[in-house]
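Got your viewer open? Load the model, colour it by secondary structure, and follow along stop by stop.

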Amino acid sequence: MQNNRNYTRLFWALLITFLAIFLISPIALDMLWARPGGGHSFSGGGGSGGSGGGDIGALIYLLMELPPEISIPVIIAIIAFKIIQNRRRNSTRAVTSSPTVQNRVVRNNQLENNLDYLIQQDPNFSKVVFLDFAASLFHKYYTWFGKPEFRFIAPFFSPKETQLSENQKNTNQTNSEIVIGAINVTDIVRSHGYDRITLEIDANYTNTHNGKASRFTVYERWQFLRKSGLISPAPERMRSVACPNCGAVSSFTDNADCSACGTHLTAGEQQWYVSQTAVLDRKAFSVAGLGHYAQERGTDYPTVYQTGLQNTQTRFAQRAGIDSQLWKSDFLQTVVNVYFMKIYAAWSINRLLSVRNLLSDRLYESFEFWINSYKQAGLVNKLEQIKISDIQIVKVEPDNLYDSVTVRIFASALDYVSDSQGNIKGGSNRKARVFSEYWTFIRRAGVKKQNFDTATCPSCGAPADNIGQAGECGYCGNKISNGEFSWVLAIIAQDEVYGG
Ligand SMILES: [Zn+2]
Ligand SMILES: [Zn+2]
């Protein structure tokens, strides 16, 4: 009888442990990829997945002590609760991170049409420049939130945000080291006399509260509004958060008057303003999860092509005065292939500055953040024997200011994380990991030169060995990281989240 009781207990203990691992622990949901720009979104480190172990142990012990007629209903209740909770969590994630391929195609078509319409109304509108504006605003928002300097950007926000910032005054908090990992347009709508653009932003920052610093990752949705019929200011006035009339930066008074030219700014009347911000996800960031590798997802997903790809390709080639087919093969060979190999090689040996001329500012900052995180954890992410198996052009977006080309790259590499002694902490240095990624390159419209030597400055031709952190050539002083003179890589999106 005693034996039977022990077996029953053992059975329950195993069952509960099994269920606890699969239903209670969020480990399976929190995944981390290595590789630059690699789906680190939502990660926040594996640290968050490890908690709760002690609670589970105590729960199992407690349940084993109870008679089965009580413990069984309790277990059923816990399982039911957890299933509902997981479903909820998965469904919210599905909306923000991985819509089905079908949904993506439909959403893509809509986005493209609405973007075309916006450009027809406002020929100065460029998605590339708008994203720079939004990123700059995001950066300043976090830096100045709760500070008197918030007034410099207050005319670009709804009164509610200014109030929130006011409320945070005197709480002794400072945000710094703000890094934007990804920023995507998810919606463009025209309604009730307003243009509206919705963005999703994946970022991280350090919050210092009463001297104690903590790092957070956030996933946010920002909504921008502007009166319909407005024409965007010239890119140099648009790119950074400046007075749309005179271009002065950080010049606004408490009354939203530009102290340089006197223009009074009314939200949405002359320029975009942020009508809503929402934090969809926020987690403490920990380097503890940097060695974890999740199963590669999305490599077999069908490629998401732009609907009017043929047309946009032709339009682009005509504008550049080149043959469409010739351009394509040339671009894949001399730009995509070369950039991919060079950037991954530089990432692998922690020498990002050596490819500074090939990266946009945001991407460079994001790479730098991840490399520093690895360093901080005493780790390095190695990528060896990199091979490209296929490259497909999926999107060509020539607007009046920028050319933007997105490709899907299929590749494989030995991808692993090791410590300073060379011990493998994650991934494999024997078995190649097969993956695919969407890379978006941008370049100022009107640049004709297709080929350039990636080892030289595209502006002055001097060796590209003296490019500073800010993307300026040390010889000619020109900024080359904004695509003014040649292609720069602006975005890397993982195949399971690429939304077109
Ligand atoms: Zn002004
Ligand atoms: Zn130069």
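How many helices and strands does the secondary structure of the chain come to? The count is eleven helices and nine strands. Keep in mind that this is a predicted model, so switch to colouring by pLDDT for a moment. The average over the chain is 82, and 80% of the residues score at least 70. Now select residues 21-33, where pLDDT stays under 50; the model gives this stretch 28 contacts beyond four places in sequence. Residues 86-97 are also below 50, with nine contacts in the model beyond near neighbours in sequence.

While the whole chain is in view, take in two overall figures. Of its 500 residues, 33% count as buried. Among contacts with a separation of 6 or more, 69% join residues 24 or more positions apart.

**Stop one: the sheet**

Select 173-191, 194-209, 212-227 and 273-284, which are S1, S2 and S3, and S4. These four strands make an open sheet, ordered S1-S2-S3-S4, with antiparallel pairing. Why is one side of S1 and of S4 left without a neighbour in the sheet? Both strands stand at the edges and have a single partner strand each, so one side of each has no neighbour there. Turn the view and you can follow the twist, which averages 20° from one strand to the next.

Stay with the sheet and zoom in on S2 and S3, which pair over 16 bridges in the antiparallel sense. Pick Asn 204 and look across to S3: Thr 217 stands opposite. Then follow S2 to its end, where a hairpin with two residues between the strands leads into S3. Click on Asn 210 in that turn; its phi is positive, about 50°. On the other side of the pairing pattern, S3 and S4 are antiparallel too, over ten bridges. Try Gln 223 here, whose bridge partner in S4 is Gln 276.

**Stop two: the helices by the sheet**

Add residues 127-144, helix H6. Which strands does H6 touch as it packs on the sheet? The helix touches S1, S2, S3 and S4, and its direction makes about 140° with that of S1.

Next, select H11, residues 361-376. With 16 residues at 1.5 Å a residue, H11 should span 22 Å, and its end C-alpha atoms are indeed 22 Å apart. Show side chains for Arg 362, Leu 363, Tyr 364, Ser 366, Phe 367, Phe 369 and Trp 370, which are buried. What do the buried residues of H11 pack against? Bring up H6, S1, helix H10 (324-348) and strand S9 (488-494) to see their partners.

**Stop three: past the end of H11**

Move on to Gly 378, which follows H11 and has a positive phi, near 75°. Gly 378 is also one of the residues touched by Asp 419, along with Leu 379 and Lys 425, leaving out residues up to four places away in sequence. Select Asp 419 itself, in strand S6 (residues 402-419). Put a distance label between its C-alpha and that of Leu 379: the two residues are 40 apart along the chain, yet the atoms are separated by 4.5 Å. Is Asp 419 buried or partly exposed? It counts as partly exposed, because it has 13 C-beta neighbours inside 10 Å.

Conventions
Residues are numbered from 1 along each chain as its sequence is written. Chains are lettered from A and ligands numbered from 1 in the order in which they are written. Two strands pair if DSSP finds at least two bridges between them. Axes are lines fitted to C-alpha atoms, for helices over the stretch in contact, and angles run from 0 to 180 degrees between N-to-C directions. Two residues are in contact if their C-beta atoms, placed from the backbone, lie within 7 Å. A residue is buried if 20 or more other C-beta atoms lie within 10 Å of its own, exposed if 12 or fewer, and partly exposed in between; C-beta atoms are placed from the backbone. The expected span of a helix is 1.5 Å times one less than its number of residues. pLDDT is the predictor's confidence in each residue, from 0 to 100.
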